[in-house]
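Visitor: Could you take me on a close look at one part of this protein? I'd love to hear how one residue sits among its neighbours, and then about any odd spots in the backbone.

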Amino acid sequence: MTRLSANHAGRWAGLGGIGAVGGLAGAILLFLRVASEVGEGETRTFDNGIMLALRRTGDVTQPIGPAWLKTAMLDITALGGTTVLTLISLLAVGFLLASRRWSRALFLVVAAGGAVLLNVVLKMGYARPRPTVVAHLVDVTSTSFPSGHAMGSAAIYLTLGVLLARSVVEPRVKAYLVGAGVVLTLLVGISRVYLGVHYPTDVLAGWTVGSAWAVLCWLIAERLRRRRGARV
């Protein structure tokens, strides 16, 4: 019975690895497609149309919806900021170190630090100006493509979701933890467009490259785990 369970788990792990590789390839291709369209100016109508739709007719300084929605979006967008993501990452790494889970702690450090460096390089490479079609509702200083908030939240929250999911047995709990990471990532990205500081394609690019980075780190960690015969 134990051998059958192990074989069953091995088959699922293999299928998961294949799915992860496919997801990684798809995310990279989507990012390259979006980046190409942005570079050629093909997304201007799409981007501006969505951003204007989120503003009151005749006043691009006022977002649609009640006052509490703007407040909520300001709170949500902070979840993808450097300060919050760094704090969450440090607390998670500290917990893993205190639990003597050295490999998992290193995995999280690499995933978080690598995402920051990759975003800086991409922003410098594409150097897309911030949107001017609507007023910014928060202060921003860096370039626009890809969205650092969207990319950082994808890399960190998805990574944390996977790490937490590996600590439980129940499939429904695993799905909930990973799903929570996905929901947080989506909300942060949406808030950036609502607040007028990112084009939708900036956010889409951030989601894809952040997710791709998280998946790549997971694949590398799994490969190392199998070589060493120990859990990451």
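Guide: Here is a walk around one aspartate, followed by a few backbone spots. Keep in mind that this is a predicted model.

Let's start with Asp47, which you'll find in helix H2, covering residues 44-53. Is Asp47 buried or exposed? Its relative accessibility is 0%, so Asp47 counts as buried, since buried means under 20%. And which residues does Asp47 touch, leaving aside those up to four places away in sequence? They are Arg128, Tyr199, Pro200 and Thr201. With Thr201 there's also a polar contact: the two side chains are joined at 2.7 Å.

Now for the backbone, beginning with the loop between helix H4 (82-98) and H5. Arg100 sits there, and its phi is near 60 degrees, a positive value in a residue that isn't glycine. Arg100 counts as exposed because its relative accessibility is 63%, and the cut-off for exposed is over 50%.

Next, hop to the loop between helix H5 (102-126) and helix H6 (148-165), where Pro146 has its place. Look at the link between Phe145 and Pro146: that peptide bond is cis, with omega about -10 degrees. Ala127 belongs to the loop between H5 and H6 too. Ala127 is another non-glycine residue with a positive phi, here near 45 degrees. With 44% relative accessibility, Ala127 counts as partly exposed.

Note on methods:
Residues numbered from 1 in each chain as written. Predicted model: local features only at pLDDT ≥ 70, side-chain atom pairs only at ≥ 80, totals over all residues. Heavy atoms only, no water. Helix = DSSP H or I, 4+ residues; strand = E, 2+ residues; numbered from the N terminus. Buried < 20%, exposed > 50% of the residue type's maximum accessible area, 1.4 Å probe, protein only. Polar contact = N/O pair within 3.5 Å; in protein donor to acceptor, adjacent residues only side chain to side chain. Contact = heavy atoms within 4.5 Å.
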